Amino acid sequence: MEVGMLPISASKRGKLLAAGYTSLHSISRASASQLATDIEVSQDEACEILKYASQTSALDPSIGNSNTSNLYGGQTAWTMLNEEKFSTRITTSCVDLDNILGGGITCKEVTELGGVPGIGKTQIGIQLAVNVQIPLEYGGLGGKAIYIDTEGSFMVERVLQIAEACIEDMSEYSNHFHNNVQDCEVKMHPNSILENIFCFRVCSYTEQIALVNYLDKFIEEHKDVKMIIIDSVTFHFRQDFEDMALRTRLLNEMALKLMKLARKFCLAVVLLNQVTTKYIEGSYQLTLALGDSWSHSCTNRIILFWNGDERHAYIDKSPSLKSASAAYSVTTRGIRNSNSSCKRIKIV
C-alpha cells in the first residue's frame, strides 16, 4: 500500500484513506489547501504530507506512475480477440448459468452479481471460492480464493458442505471416464479446500479500501490466487456518508484497483451487490445499489431475481455476452440447475 510508505502517523494515514487518497499519485494531484480541508489537518501538516509523497515517489519512480508504464503495454486487436477466446473461466456448478456466461466467470474481468436478500448471492460466492480450486485435469484452474466478508455472512460450515459436494462431483466425473480405480482417485480433501480460501473480515469502508490496496502485495506473495470475492461491496458504503461525491470517488478508485488486479494477475474479481429502490417513470423500482456511476465500474453485471418461486440470473451488461437469463437453484450441495433433484434449502 503506497500510503503506508509515508513517514506519517497512523491516524493521518487513516484520514488519507478515508478521504479517498489511496495512492501517492492521488495525493500529489491535490493542493495543500484542498488536502488540509479533506483530511482536517493544518496547512503546514498538509504541505509536509505533500513533501513526503513527492520524496517517496522520487525514491522509486515506479510507485504511483503506472500510467507511464502502461503506455508500452499495448496489444493488437487480434491478440485481444484470441485472449478472450481462450480465456479461462470458473464454473458456477449450474450448467444453464455457465451457458449464458460463455462457460463461467471469466478471469481478467470484474463481474458484479446483485439481488434481493435470500436470492443466494453469498451461496454463489462460496461456490465460486470452492470451484476456483478444481484441478486443471478436471477443467478447473487449481487456484486459491480471497474472500472479503463485509457483512459477517461467510459460513465455514457451508463452505465445508459445498467442498465435500465438489469432491464427490469430481469423483463421479473421474469414474465416468476412467476404468482404473487409481486413476479415479481425487487427490483433494475438503480441509485443503478450506485452507485455500483466504478470508478477510472488514468492519468499515476504510478497512475495505486499505485491504484492496494491500491485495497487490498479498497476491504477489500468493501467486496461485485466481479469484477475489467481495461480499458485499456495498455494505459499508451505504452508511455514514453525507458527502456523496467523496463516496463516488472512493468507489471509483477501488473499482479501478480491482480491475488492475484482475488484469495483472489474470484472476477473476466477483463483487456481490445489494439492491435499493429508484424512482423511474412514475414508480419506485428495485435496482442495484451504489448509483449509476458505479454501474460502469464492472466488466459484467448480472442481476439475480425471483420468477415465481424460481431463482433467475440475468446478464444486464457485458461487452462480450448477449443479454440472456438462466434459472438456478440453491441446494444442499451448492449452486445447481433449477431442475436439480437435490433437496433445496431456504436461505435467510
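Q: In this predicted model, where is the place of Ser232?
A: The model is a predicted one. The peptide bond that leads from Asp231 to Ser232 is cis, with omega near -5 degrees. Most peptide bonds are trans. As for its location, Ser232 is found in the loop between S6 and H13.

Q: Which value is phi of Ser93 near?
A: Ser93 belongs to the loop between S1 and H7. Most residues other than glycine have a negative phi. Ser93 is a residue other than glycine, yet its phi is positive, near 75 degrees.

Q: What is the order of the strands in the open sheet of nine strands?
A: Strands of a sheet pair through backbone hydrogen bonds, either parallel or antiparallel. In this open sheet the pairing is mixed. Its nine strands follow the order S5-S4-S6-S7-S3-S10-S11-S12-S13.

Q: Which are the edge strands of this sheet?
A: An edge strand here pairs on one side only. Neighbouring strands of the sheet are turned by 25 degrees against each other on average, direction ignored. The two edge strands are S5 (197-201) and S13.

Q: Which angle does the direction of H8 make with that of S6?
A: Helix H8 packs on the sheet. Among the strands that H8 touches are S3 (110-115), S4 (144-149), S6 (225-231) and S7 (268-273). The direction of H8 and that of S6 make an angle of about 165 degrees.

Q: Which strands does H13 touch as it packs on the sheet?
A: Helix H13 is another element that packs on the sheet. Its direction makes about 150 degrees with that of S7. The strands touched by H13 are S3, S6 and S7.

Q: In the hairpin of S10 and S11, which residue takes a positive phi near 70 degrees?
A: S10 and S11 (residues 310-317) pair in the antiparallel sense, over seven bridges. Within this pair, Leu304 stands opposite Ala313 in S11. Two residues lie between the strands of the hairpin, and the positive phi near 70 degrees belongs to Gly308.

Q: Which residue in S12 is the bridge partner of His312?
A: S11 and S12 run antiparallel and are joined by four bridges. The partner of His312 in S12 is Ala327.

Q: How many residues lie between S12 and S13 in their hairpin?
A: S12 (residues 325-331) and S13 run antiparallel, with four bridges joining them. Val330 has Ile335 in S13 as its bridge partner, and Ser329 stands opposite Arg336 in S13. The two strands form a hairpin, and the number of residues between them is two.

Q: Why does the pair of Glu112 and Arg301 tie together parts that are apart in sequence, and how many residues apart are they?
A: A search of the whole structure finds nine salt bridges. In one of them, the side chains of Glu112 and Arg301 meet at 2.6 Å, N to O. Glu112 lies in strand S3 and Arg301 in strand S10, so the pair ties together parts whose separation in sequence is 189 residues.

Q: Which helix gives the largest share of the lining of the largest cavity?
A: Rolling a probe the size of a water molecule over the atoms shows where empty space is left. With a cut-off of 30 Å³ or more, the count comes to one cavity, and about 40 Å³ of space lies in the largest cavity. Its lining has at least two residues from each of helix H12 (205-221) and helix H13 (244-264). The largest share, four residues, comes from H13.

Q: How many residues of the lining of the largest cavity are charged?
A: This cavity is lined by Thr22, Ile209, Val212, Asn213, Leu250, Glu253, Met254 and Lys257. Four of these lining residues are nonpolar and two are polar, while the number of charged residues is two.

Q: Which element gives the largest share of the lining of the second largest pocket?
A: The second largest pocket holds about 520 Å³ of space. Of the 22 residues that line this pocket, the closest to its centre are Thr91, Ser93, Asn131, Ile134 and Asp169. Elements that give two or more residues to the lining include strand S1 (89-90), helix H7 (95-100) and helix H9 (156-177). The largest share, four residues, comes from H9.

Q: How many residues in the lining of the second largest pocket are nonpolar?
A: The lining of this pocket divides into three groups of residues. Eight of the residues are polar and four are charged, and the number of nonpolar residues is ten.

Conventions: Residues numbered from 1 in each chain as written. Predicted model: local features only at pLDDT ≥ 70, side-chain atom pairs only at ≥ 80, totals over all residues. Heavy atoms only, no water. 1 Å grid on protein atoms, 1.4 Å probe; cavity = no way out; pocket = protein on both sides within 12 Å on 5 of 7 lines; lining within 4 Å. Points joined across faces, edges and corners; volume = space filled by probe spheres on them. Nonpolar A, V, L, I, M, F, W, Y, C, P; charged D, E, K, R; others polar. Pairing = 2+ DSSP bridges. Axes fitted to C-alpha atoms, helices over the stretch in contact; angles between N-to-C directions. Contact = heavy atoms within 4.5 Å. Salt bridge = Lys/Arg side-chain N within 4 Å of Asp/Glu carboxyl O.
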